[in-house]
Amino acid sequence: MARKNRRQGSATPAIVAATEAGISFETHAYEHDAAAASYGEEAAEALGVPAQRVFKTLVAEVDGALTVAVVPVSASLDLKALASARGGKRAVMADPAAAERTTGYVRGGISPLGQRKPLPTVLDASAGEHPTICVSAGRRGLEIELAPGDLAALTGAVLAPVARA
């Protein structure tokens, strides 16, 4: 996969992390609509990619510790499954301000890559059904497409069924 659609000097921390790791990836930019109801669904539609291949990055708390869950935009996060995947008892969605402060990204642009403070990550097992998936590249209107195995390796993610339709 060629590295394309990148402008020198506009690399986000996510793109820098992927570049430094030497993995194969593509970036895809689109015009973000501030009125969009769902950042992930907007990305899938704008890129013409099935929603099952575009994954959203959600920040939750598992037993009080911030944790990243990466699930298809066509699904929702199963908090009980996330807690179980992390060996915890209870999970709740994190405060958006805490998620932004900890990751260094804004809501709708949180990437599992290049976070200010890397968080434990769980990647939904369905990612393995696709040769590549798209996740936020660190800002609204920018996605990075990469192999699920590369994403898991770069984030130290555990693969587990944490999405529900």
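What follows is a walk through this structure, from its annotated domain to its strands, its largest pocket and its salt bridges. Keep in mind that this is a predicted model.

Let's start with the annotation. An unreviewed UniProt entry places the feature "domain: YbaK/aminoacyl-tRNA synthetase-associated" at residues 37-153. Over that stretch the chain is 26% helix and 32% strand. The C-alpha atoms at its two ends sit 31 Å apart.

Now pick out strand β8, residues 142-146. Five of its five residues are buried, so β8 is largely enclosed by the rest of the structure. You can check this face by face: L142, I144 and L146 are buried on one side, and E143 and E145 are buried on the other. Two strands pair with β8. One is β1 (residues 25-29), which runs antiparallel to β8 over five bridges; within that pairing, T27 stands opposite I144. The other is β7 (133-139), also antiparallel to β8 and also joined to it by five bridges. Here R139 has L142 as its bridge partner. β7 and β8 form a hairpin with two residues between the strands, and G141 in this hairpin takes a positive phi near 90°.

A second hairpin is worth a look. β2 covers residues 55-62, and eight bridges join β2 to the antiparallel strand β3 (residues 65-72). V62 is bridged to A65 in β3, and two residues lie between the strands. One of the residues in the turn is D63, in the loop between β2 and β3. What is the phi of D63? It is near 50°, a positive value in a residue other than glycine. As background for the torsion-minded, most residues other than glycine have a negative phi. D63 is partly exposed, with a relative accessible area of 48%. β2 also pairs with strand β5 (residues 91-93), in the antiparallel sense and over three bridges. There, A60 stands opposite M93.

β2 also leads us to the largest pocket. Rolling a probe the size of a water molecule over the atoms shows where empty space is left. The largest pocket has a volume of about 520 Å³. Its lining takes in 28 residues, and Y39, T57, L58, R107 and G108 lie nearest its centre. Which elements give two or more residues to this lining? They are α2 (39-47), β2, β4 (76-77), α4 (96-103), β7 and β8. Of the elements, β2 gives the most, with five residues. If you care about the chemistry of the wall, the lining splits into 17 nonpolar, seven polar and four charged residues.

On to electrostatics. Side chains of opposite charge can pair when their charged atoms come close. With a cut-off of 4 Å between side-chain nitrogen and carboxyl oxygen, the model has two salt bridges. In one, the side chains of E145 and R53 meet at 3.0 Å, N to O. E145 is in strand β8 and R53 is in the loop between α2 and β2, so this pair ties together parts that are 92 residues apart in sequence. Are these two residues buried or exposed? E145 counts as buried because its relative accessibility is 12%, and R53 also counts as buried, at 19%. The cut-off for buried is under 20%.

In the other salt bridge, R164 meets D78 at 3.9 Å, N to O. R164 belongs to strand β10 (residues 163-164), while D78 sits in the loop between β4 and α3 (79-85), so here the parts tied together are 86 residues apart in sequence. R164 counts as partly exposed, with a relative accessibility of 43%.

One last stop takes us to helix α1 (residues 13-21), which holds A17. A17 counts as partly exposed, at 25% relative accessibility. Try finding Q115 from there: A17 and Q115 are 98 residues apart in sequence, and their C-alpha atoms are 9.2 Å apart in space.

Conventions. Residues numbered from 1 in each chain as written. Predicted model: local features only at pLDDT ≥ 70, side-chain atom pairs only at ≥ 80, totals over all residues. Heavy atoms only, no water. 1 Å grid on protein atoms, 1.4 Å probe; cavity = no way out; pocket = protein on both sides within 12 Å on 5 of 7 lines; lining within 4 Å. Points joined across faces, edges and corners; volume = space filled by probe spheres on them. Helix = DSSP H or I, 4+ residues; strand = E, 2+ residues; numbered from the N terminus. Nonpolar A, V, L, I, M, F, W, Y, C, P; charged D, E, K, R; others polar. Pairing = 2+ DSSP bridges. Buried < 20%, exposed > 50% of the residue type's maximum accessible area, 1.4 Å probe, protein only. UniProt positions renumbered as here; feature names shortened; annotations may be inferred.
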